[in-house]
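Reader: I'd love a close look at one single part of this model. Could you walk me through it at an easy pace?

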Amino acid sequence: MGERPEDRVEVPAALASMRRYALDDALLLFDRRTGLTAVCDGPETRGLRVRTPRVVQFAITNACNLACAFCSRDAAAASGWTAADAFALLRDLAARGTLEVAFGGGEPLAFKGFAGLVQRLSEETPLAVSVTTNGALLSAAAVDALAPFVGQVRVSVYDDVDHRPALAALAARSVRFGVNWLVTPARLDAVEAFALGLYDLGCRDLLLLSYNGHDRALHLSRDDSDALARRVRGLALALRGRMTVKLDVCWGERMEAVPQLFGARACAAGREFVVVTSDRRVSACSFHHRSFAFADADDLLRVWHDERDALASPAEQPGCARAADYGLNALRRSLPQSG
Ligand SMILES: C[S@@+](CC[C@H](N)C(=O)[O-])C[C@H]1O[C@@H](n2cnc3c(N)ncnc32)[C@H](O)[C@@H]1O
């Protein structure tokens with residue numbers, strides 16, 4: 001690839017080794033080892049344009065060792081990927097500017113050849129590789145195999161898996177890791193105790209997920225959402241400088257009371273990041289009903305460009321921040337709580 005417009009922008013010497021990604025009229029700099037991200041904008045960055053998705057969320061398999069009732073993936077769906085095909089696609093997207101692949105699924109650690117794929121991506125491409133896992137297969141040996149090559153591991157904590165061995169193995173090997181936790185009405189009162197328990201286990205990064213799907217008992221009412229926003233605000237103050245508490249983008253304006261790093265931003269699904277599915281299609285996010293087949297990296301970028309309206313549309317599943325009232329109107333009519 002020849003010199004790109006973003007390569008010509010002068011940046012402070014301390015940031016010069018970071019990878020460059022063109023935003024609209026701005027330049028994003030990224031260090032895959034630390035996750036450090038910096039945005040530069042000024043006269044020098046005027047005219048830069050986003051040309052690729054920054055992150056590919058890759059559902060490399062739908063197969064999973066767990067069977068969570070709230071998960072919308074069809075665990076029986078076969079994977080259309082081999083490690084070699086996945087590598088070729090990601091290498092080519094990296095060459096066109098993508099910064100990061102975030103593996104999920106299904107359970108990525110259940111995919112044959114997964115550790116080797118992560119190693120190749122780390123050694124042969126500039127991509128940052130992150131993995132979201134339920135942690136049950138994250139033995140000390142599995143962590144040893146991933147540790148030198150992975151940027152970040154996210155462990156989803158579920159009631160039926162003891163997450164402590166996985167977190168201990170990650171902490172012992174100094175792997176950058178965080179925890180994902182789905183906040184449901186039943187878990188609302190446990191948020192602070194859960195976060196403090198994680199802190200004791202060495203976790204410094206907690207992402208609170210909102211539920212997407214048709215089970216109305218798992219959606220927060222408006223009162224619940226307000227209560228969660230207050231709790232998160234208190235937690236963030238109490239843990240300031242010690243642990244980052246993040247909220248996924250699907251919460252939308254329901255978390256208005258929480259200070260936001262980048263201000264209130266629209267959901268970037270389908271633009272800043274895309275999902276590649278186990279059956280070799282591209283979609284805006286894991287919960288979106290629209291997806292498009294593609295052949296290779298250039299074809300994926302063609303879909304990303306040509307189908308941008310479809311990729312920017314709301315998901316039909318209740319819980320989408322792009323939908324009026326998060327698509328919850330129909331569900332709310334029968335919700336027991338106020339709101
Ligand atoms: C589908 S899992 C796949 C990766 C891996 N098996 C795991 O459990 O982390 C990815 C993330 O999606 C979250 N998730 C699953 N179903 C969800 C739903 N219906 N709404 C919101 N998040 C969900 C999980 O909690 C997990 O953090």
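Reader: How many of the residues of β5 are buried, and why is that strand enclosed or open?

Author: Happy to! A word on the basis comes before the strand. This is a predicted model, in which local features need pLDDT of at least 70 and side-chain atom pairs count only at pLDDT 80 or more, while totals for chains, interfaces and linings use all residues. Residues are numbered from 1 along each chain as its sequence is written.

Now to β5, which covers residues 100–105. Strands here are DSSP runs of E with at least two residues, helices are runs of H or I with at least four, and both are numbered from the N terminus. In β5, 6 of the 6 residues are buried, so the strand is largely enclosed by the rest of the structure. Buried means that 20 or more other C-beta atoms lie within 10 Å of the residue's own, with C-beta atoms placed from the backbone; exposed means 12 or fewer, and partly exposed is in between. The cover reaches both faces of β5: E100, A102 and G104 are buried on one side, and V101, F103 and G105 on the other.

Next, the neighbours. Two strands pair if DSSP finds at least two bridges between them. β5 pairs in the parallel sense with β4 (residues 55–61) over 6 bridges, and A59 has G104 as its bridge partner in β5. β5 also runs parallel to β6, joined to it by 4 bridges; here E100 has A128 of β6 as its bridge partner.

Helices link these strands. β4, helix α1 (residues 83–95) and β5 make a right-handed β-α-β unit, and another right-handed unit is made by β5, helix α2 (residues 114–124) and β6. Right-handed means that, with the strands pointing away from the viewer, the path from the first strand over the helix to the second runs clockwise.

Finally, the ligand. β5 supplies at least two residues of the shell around the ligand, as do β6 (128–133) and β8 (177–182). A residue counts as near the ligand if its C-beta atom, placed from the backbone, lies within 6 Å of it. Of the 18 residues around the ligand, G104 is among those that come nearest, together with E107, N134, S156 and N180. So G104 turns up twice: as the bridge partner of A59 and among the residues nearest the ligand. By type, the shell has 6 nonpolar, 10 polar and 2 charged residues, where Ala, Val, Leu, Ile, Met, Phe, Trp, Tyr, Cys and Pro count as nonpolar, Asp, Glu, Lys and Arg as charged, and the others, Gly among them, as polar.
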